[in-house]
Amino acid sequence: MRELGIGLIGTGFMGRAHALAFRHVSAVFELPVTLRLAALADADPQRANQCARAWGFETAHSDWQRLIDDPAVNVVAITTPNHLHFPMAMAALAAGKAVYCEKPLAVTLEEAEQMNQAAKAAGVVTRVGYNYQHNPMIEWARQMISSGELGQIISFEGEFSEDFMADAASPWAWRCEPQHGGGALGDLGSHLLAMARYLVGDVQAVCADSQTVHRQRPAVSGSKESKAILVDDHTQALLRFANGARGTFSTSWLKHGYKNHLSFEISGTLGTVSFDQERLNELRLCRAGQSGFQRLLAGPALPGYAAFSPAPGHQLGYNELKTLEVHELIMALTGQGRAGTDFAEAAAVERLATAIRVAAREQRWVEVGQV
Ligand code: NAD
């Protein structure tokens with residue numbers, strides 16, 4: 001039995017989600033390797049020390065390069081703000097380490113392509129945190145599509161909206177900086193684009209519109225000092241898929257009422273399937289000739305659900321999707337995995353997001369392959 005050393009950079013929202021997944025995965029699955037929580041890094045040394053102790057990591061660093069240099073680290077998990085993915089992943093790849101990077105892959109398409117090329121040259125496993133794809137209900141929808149159960153796919157209508165920036169008094173954060181890869185499109189929209197590609201395939205052309213509604217936000221919570229906001233609050237697009245399907249794309253972080261509304265309806269000539277992450281244990285399906293939608297529920301007939309619970313109705317949650325993602329990563333690292341969302345696929349998502357930005361800026365249809 002081999003040992004796999006995990007190095008985790010970042011201790012925020014996603015740092016904790018990765019730590020939970022790395023801790024849970026060996027309780028949920030029989031793994032072909034033993035996981036060693038080798039090192040944790042955060043720019044804040046106190047936080048690094050405290051989280052390393054609490055989360056069970058052996059060593060703590062405030063300098064992420066030292067984590068990458070640590071011989072006990074085989075896989076580098078990156079959960080820092082978007083603009084740090086590039087230098088961290090490039091350093092990890094140069095050291096020959098596998099990389100599990102949060103989404104979006106990078107801030108610019110050029111960086112994403114360089115990361116993709118570096119990963120190919122290094123010949124290591126890479127994965128990107130498009131965790132919603134790991135929901136067994138999404139796998140079920142994907143099978144309906146690939147088996148032809150829905151007929152020829154003719155449309156994808158997708159929306160990913162939340163309301164965490166809806167209040168104009170919500171302060172500036174790294175997500176509000178263009179050079180940090182901020183904006184609703186990069187933050188939320190990238191998940192939806194990854195999902196559209198995962199389920200329906202390549203997008204050939206897009207037209208789009210984007211808007212910044214709140215052009216100033218407090219520099220910090222409650223402050224009178226404000227900062228100019230140059231990223232999109234919401235973006236809408238039309239999509240033309242390579243297989244002929246047509247689509248709509250909409251993302252917003254201003255939409256009151258929505259907390260994690262990653263949703264889609266996919267229609268084929270023989271049926272429609274629909275999904276909403278706010279009800280992640282359900283799919284709605286209507287086959288041609290049925291009088292309406294039926295509700296399909298997650299349960300132990302689906303392997304990704306059965307791994308956690310033998311009983312129906314007990315429900316999966318967000319952190320279980322992360323555990324399923326980490327399981328796929330470990331299987332890939334031990335040569336037993338399936339193809340997954342690696343740097344090549346995540347760079348293709350960035351190309352599509354870039355095409356949408358260009359289309360919105362220039363107010364025209366853009367061929368994705370030409371950006
Ligand atoms: P966050 O602000 O909560 O955490 C960022 C962490 O990075 C903090 O612990 C911070 O101290 C650390 N950090 C910053 N600079 C650093 C440096 N130089 N060295 C070491 N550590 C440093 O952010 P978050 O919400 O966890 O987002 C992080 C990443 O995860 C982003 O890329 C974001 O897009 C992604 N994300 C993904 C999902 C998902 O569902 N997959 C959800 C939320 C965020």
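How many helices and strands does the protein chain have? In this predicted model, the protein chain has ten helices and 17 strands.

**Overall dimensions**

A compact globule of 371 residues would have a radius of gyration near 21 Å, and the protein chain has 21 Å, so the two agree. The C-alpha trace spans about 60 × 55 × 40 Å along the principal axes of the protein chain.

**Burial, contacts and surface**

Of the 371 residues in the protein chain, 56% are buried. Taking contacts between residues at least 6 apart in sequence, 70% join residues at least 24 apart. The area that the protein chain exposes is about 15,700 Å², and 50% of this area is supplied by carbon and sulfur atoms. The protein chain carries 32 positive and 38 negative charges, and the mean positions of these two sets are 1 Å apart.

The percentages for the protein chain are listed together below.

| Quantity | Value |
|---|---|
| Buried residues among the 371 residues | 56% |
| Contacts joining residues at least 24 apart, among those at least 6 apart in sequence | 70% |
| Share of exposed area from carbon and sulfur atoms | 50% |

**Helix α9**

Helix α9 covers residues 318-333, which is 16 residues. From its first C-alpha to its last, α9 reaches 23 Å, close to the 22 Å expected at 1.5 Å a residue. Is α9 largely enclosed by the rest of the structure or exposed, and why? Because 13 of its 16 residues are buried, that is, under 20% relative accessible area, α9 is largely enclosed by the rest of the structure. Gly 335 follows α9 and has a positive phi, near 75°.

Key. Residues numbered from 1 in each chain as written. Predicted model: local features only at pLDDT ≥ 70, side-chain atom pairs only at ≥ 80, totals over all residues. Heavy atoms only, no water. Helix = DSSP H or I, 4+ residues; strand = E, 2+ residues; numbered from the N terminus. Rg over C-alpha atoms; globule rule 2.2 N^0.38 Å. Buried < 20%, exposed > 50% of the residue type's maximum accessible area, 1.4 Å probe, protein only. Contact = heavy atoms within 4.5 Å. Areas by Shrake-Rupley, 256 points an atom, 1.4 Å probe, with all protein chains shown as cover. Lys, Arg positive; Asp, Glu negative; His and termini not counted. Charge placed at Lys NZ, Arg CZ, Asp CG, Glu CD. Expected span 1.5 Å × (residues − 1).
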